[in-house]
Amino acid sequence: MPTAISQQGLILLHPEDDVAICRTQMMGGSTADGLNDRLNDRLNVRLIIRGLIPAGHKVARHAIATGQPVRRYNQIIGFASKAILPGEHVHTHNLVMGDFDKDYAVGADVKPQSFKQHTGFMGIKRRNGQVATRNYIGILSSVNCSATVARAIADHFRSSQVLADFPNVDGVVALTHGAGCGMDDHGAGMQVLQRTLAGYALHPNFSAILLIGLGCEANQISSLLLNGGLQEGEQFKTFNIQDVGGTGKAVERGIELIKTFLPAANAVQRELCDVSHIVVGLQCGGSDGYSGISANPALGHAVDLLVAYGGTAILSETPEIYGAEHLLTRRASAPAVANKLLERIRWWEQYVQINQGEMNNNPAPGNKAGGLTTILEKSLGAVAKGGTSNLNAVYEYAEAVTERGLVFMDTPGYDPVSATGQVAGGANLICFTTGRGSAYGCAPSPSLKLATNSDLWRRQEADIDINCGEIIDGVATIEEMGERIFQVILATASGNKSKSELHGYGQNEFVPWQLGAVM
């Protein structure tokens, strides 16, 4: 059974790796020892450190020649741009991207799926058979021009005592955006926006929806209803500001409509539901050199447990699996699944080129300060969030997720945009790992934040739900932490508030992906 990582100074992830990871800041001239007890051969490392190396960063285990591939996780993370000496810091000054062949080996690592006995959580059953983890009333805007009215209506219920008489309603939230006009009303951008809004309108965590437009925008409410398969009813109403007499009257009308929603929204109770109804969106933001060692693989173990109980996990952020996609194609349950993933990778290469960028623009400066050098390295750690389960499907952004198990959704790497697509697809809970720190929250789906290191936990404990830094500290194993994450997922899905919910995060983090020209 794997044990915790040693308390010694270096972490070696695989015996074939060219680099080890510094647990703490290393001073030049010091001797560093390392041991990873998770390796069956208990391989030891001893190095003389050359220069200051920050915590979470890489140190060369041996001499590396110019142009030689450099491995971490026994996978290529880049190529030496100049000769590297043993004990030397390996980072942006001597490690760069490069092309190499990947073995996609479609389906090679697919394994038989075995399901555990059912366990449950306390969810909210909807009439249509869906199960909710929260019970909100939502106000959606069709266009930026109706955002102010939507927020004003939500603010009324947040600042008054109206909701005190409806204790089963988690809140009234306005989810607004900056698009809906100045765009091709039949283009890809409009399709993505309408698919996102429709996904939220149909989300089980909303007991009722009010959709507000201006009246003359490109994203007409009538078009959204038609294309999204939506129909007005007792708990779903729409109107345009221009049709009701302007801003003030629109706010008054919205308040009165929300009041009509409240009695039915309040008439719910939590009851025991099967874990198969939990759909978790997987996110990582502010990643660091520890992300692929602690929080991400621990979350991956929790995902394997969730999948074994019949639940669903959505891996996303396509630019942040770039260079590690071959690890997913090996787990693809069918060739069509692998092919669709590779199609999305090629699309991103073209998309970035058209916008005069490159895939290695990700990682961000904060990622690099935390020890990540190339997108290849970042992606290899990010993929660990998906555990070891088979990959059963690949979805477009905000597309409804219908397959169970581990699936992939094509999204940008920017966390609010990515999570917005996941929630539109049906995610009723988010798990968000971070090494640099995050104050992210999500509505209507609660977001759990997982720290990769204990220093971050101590600095930002008020925002973080679980400290996976205990793995680095040597006091918990990946498996133990994964089991803990899984239990917190069940408790949160049952109604326990995440820290971002307690702080009131969630409305500003609704950010649909904007594609296409702004006209």
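**View 1. The open sheet of strands 13, 12, 14 and 15.** In this predicted model, 4 strands (a strand is a DSSP run of E, at least two residues, numbered from the N terminus) form an open sheet with parallel pairing, in the order 13-12-14-15. Two strands count as paired if DSSP finds at least two bridges between them. Strand 13 (171-175) and strand 15 (236-240) each have a single partner strand and stand at the edges, so one side of each is left without a neighbour in the sheet. From one strand to the next the twist averages 15 degrees, with axes fitted to C-alpha atoms and angles running from 0 to 180 degrees between N-to-C directions.

**View 2. The pairing of strands 14 and 15.** Strand 14 (residues 206-213) runs parallel to strand 15, and 5 bridges join them. Opposite leucine 211 stands threonine 238 of strand 15.

**View 3. The second largest pocket.** A pocket is an open set of points on a 1 Å grid over the protein atoms alone, where a 1.4 Å probe fits, with protein on both sides within 12 Å along at least five of seven lines. The second largest pocket holds about 730 Å³ of space, the volume being that filled by probe spheres set on the points. Its lining (residues with an atom within 4 Å of a point) has 23 residues, of which Arg126, Arg127, Phe206, Ser207 and Gln235 are the closest to the centre.

**View 4. Make-up of the lining of the second largest pocket.** Strand 14 gives the largest share of this lining, 4 residues; helix 5 (247-266) also supplies at least two, a helix being a DSSP run of H or I of at least four residues. By class, the lining has 12 nonpolar, 7 polar and 4 charged residues, with Asp, Glu, Lys and Arg counted as charged, Ala, Val, Leu, Ile, Met, Phe, Trp, Tyr, Cys and Pro as nonpolar, and the others, Gly among them, as polar.

**Notes.** Residues are numbered from 1 along each chain as its sequence is written, and side-chain values use heavy atoms, without hydrogens and water. Local features need pLDDT of at least 70 and side-chain atom pairs count only at pLDDT 80 or more, while totals for chains, interfaces and linings use all residues.
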